[in-house]
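User: Hi! Could you take a close look at one part of this protein for me, the strand pairing, and then show how the rest fits around it?

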Amino acid sequence: IGSGQVLPEQPDLKIIRREINGFVGFANLPKQWHRKSIRRGFSLNLLCVSQRGLGKSTLINTLFNRNLDDGSKNKVEQKLEGLKIEGSSETEASRDDEEAQTAQESENVRSSVKIKTLSTTIEENGVSLKLSVVDTPGFGDAIDNSDSWRPIVDEVNYRFDQYLDAENKINRSSEDDNRIHACLYFIEPTAHYLKPLDLGFCKQIHEKCNLIPVIAKSDILTEEEIAVFKRRIRKQLEDENVVLFEPPQYALDDQETIHASKSLYEKIPFAVVGSTDKVENSKGSLVRGRSYPWGIIEVDNASHCDFVYLRDLLISQYLEELRERTNSVLYEKYRSEKLTKLGIKQDNAVFKEFDPETKQKEEKQLHEAKLAKLEAEMKSVFHQKVSEKEKKLQKSEAELFARHKEMKEKLNKQLKALEEKKHQLEHSLNTPIPQSPAQPKKKGFLR
Ligand code: GDP
């Protein structure tokens, strides 16, 4: 307009201008979400894999600040390669001898890894957490541990399958999520390198669950040893393309949050120390830690060990992210691979049945095929009948021809015979009758 340009004529548009001056209410949505979350509670299914005696039970108890092995309150479920036992830990004790024997028997043949799930609900400031700790006693205990990972990976897959089945049910419950949300893998504090057992397991599990490796009992290593050991572990895992759980960074995150999540990731594998025992620190306060002649190690002190970072990652900061990644990345991958594997079966049996358009097409094709078949059958019957008729006609024609021939021959014969007779007669007529001597007249007889 400014440059004197003439605009094309506009149609009569009625612009209704309304000011949004009232409160719509969606600013309250986070509050709704908060209330709902509190009501529903949270859940975490944690897989713990470690060789015997690396401080796994102690660390779990330290993480959740209670003795989770206290069977009277918790539900324990044991699985021994297909043998599934459910019930409280009170009954578990009486079965222990039997199970030990069964385990011993199976140990001779296969890997001795058992799956033991411990479920409990813990509460903190009115927020409840349904916690399931999946323990794997026997991991790395056999002489040949090359397939120690197998029962554990089977368990993770089994839980994915259970979820997949539940998703397909009409009355599905999203509350029943038994999928493993994180895997804590305990590395022996050797200060050398990861063993083939460690690498083998990490390679098998990292695409199935959020892998968080920890250096167990790190209080027996010096700070320098820990730093070198961590670098070696990271290098070894990187070389094998093992993906560890990384706290996600979002576009809306501020620099501080981004920095915090990055530095948390760089600290993996966390060098942890576990203890629920209280010791007196230099300030005279009672803290959780381990006491040595040379001093104390405080579990909850970030300058003593990485325990607080592990707790941040696993519970206080990223629990929902662990669940989210389990659902949208790991389970999705498993699900799509599984469905692709079942592809042919689904095409034929399941999907078409539920897709009305495909079903209609299929029915139309079927109907057309039926008609075509019917037509082909009719044609073939027609051809058959025609050829039968033709054959009959040909046969009767041949018979007629033969009869005609026979008759003709007969007639010819008769004709010949007649002609012969005629000839004979003519011949006899033409032949003069010889004069015989006069017969004497008989007397009295002539007048
Ligand atoms: P698990 O067999 O892996 O469950 O190991 P436990 O938790 O039963 O611990 C085995 C032993 O290691 C116990 O004597 C614990 O007191 C000890 N322990 C556990 N955690 C630590 C730790 O962080 N540092 C040290 N030095 N010892 C620990």
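**Strand pairing, close up**

Analyst: Happy to. Strand β10 (residues 286-292) and β11 pair in the antiparallel sense, and four bridges hold the pairing record between them. One residue pair makes this concrete: Gly 289 has Glu 298 of β11 as its bridge partner. Please keep in mind that this is a predicted model.

These strands belong to an open sheet of three strands, ordered β9-β10-β11, with antiparallel pairing. At its edges lie β9 (278-280) and β11 (295-298), each of which pairs on one side only. On average, neighbouring strands of this sheet are turned by 65° against each other, direction ignored.

Now to a strand with parallel partners, β7. Strand β7 spans residues 211-215, and five of its five residues are buried. Which way do its residues point? Leu 211, Pro 213 and Ile 215 point one way from β7, while Ile 212 and Val 214 point the other way, and all are buried. That fits a general pattern: in a regular strand the side chains alternate between the two faces of the sheet.

On one hand, strand β6 (residues 182-187) runs parallel to β7, and five bridges join the two. Within that pairing, Phe 186 has Val 214 of β7 as its bridge partner. To get from β6 to β7, the chain passes through helix α5 (residues 196-205), and this β-α-β crossover is right-handed. On the other hand, β7 also pairs with strand β8 (residues 270-271), again in the parallel sense, over two bridges. Val 214 appears here too, with Phe 270 in β8 as its bridge partner.

Strand β5 (residues 127-135) offers both senses of pairing. Strand β1 (residues 42-49) runs parallel to β5, with seven bridges joining them, and Leu 47 has Val 134 in β5 as its bridge partner. Strand β4 (residues 115-124), by contrast, pairs with β5 in the antiparallel sense over nine bridges, and Thr 121 stands opposite Lys 130 in β5. β4 and β5 form a hairpin with two residues between them. In that turn, Asn 125 has a positive phi of about 45°.

Since you work with binding sites, the ligand surroundings may interest you as well. There are 14 residues around the ligand, and the closest are Gly 55, Lys 56, Ser 57, Thr 58 and Lys 217. Helix α2 (residues 56-64) contributes the largest share of this shell, three residues. By character, the shell divides into three nonpolar, six polar and five charged residues.

For a contrast with the buried β7, consider Val 228, which sits in helix α6 (residues 223-239). Is Val 228 buried or partly exposed? Val 228 is partly exposed, because 14 other C-beta atoms lie within 10 Å, and a buried residue would need 20 or more. His 192 is 36 residues from Val 228 in sequence, yet the C-alpha to C-alpha distance between them is 8.7 Å.

Finally, the whole protein: eleven helices and eleven strands are present. Of its 447 residues, 24% are buried. Among contacts between residues at least 6 apart in sequence, 67% join residues at least 24 apart.

Note on methods. Residues are numbered from 1 along each chain as its sequence is written. This is a predicted model: local features need pLDDT of at least 70, side-chain atom pairs count only at pLDDT 80 or more; totals for chains, interfaces and linings use all residues. A residue is near a molecule or strand if its C-beta atom, placed from the backbone, lies within 6 Å of it. Ala, Val, Leu, Ile, Met, Phe, Trp, Tyr, Cys and Pro count as nonpolar, Asp, Glu, Lys and Arg as charged, and the others, Gly among them, as polar. A residue is buried if 20 or more other C-beta atoms lie within 10 Å of its own, exposed if 12 or fewer, and partly exposed in between; C-beta atoms are placed from the backbone. Two strands pair if DSSP finds at least two bridges between them. A crossover is right-handed if, with the strands pointing away from the viewer, the path from the first strand over the helix to the second runs clockwise. Axes are lines fitted to C-alpha atoms, for helices over the stretch in contact, and angles run from 0 to 180 degrees between N-to-C directions. Two residues are in contact if their C-beta atoms, placed from the backbone, lie within 7 Å.
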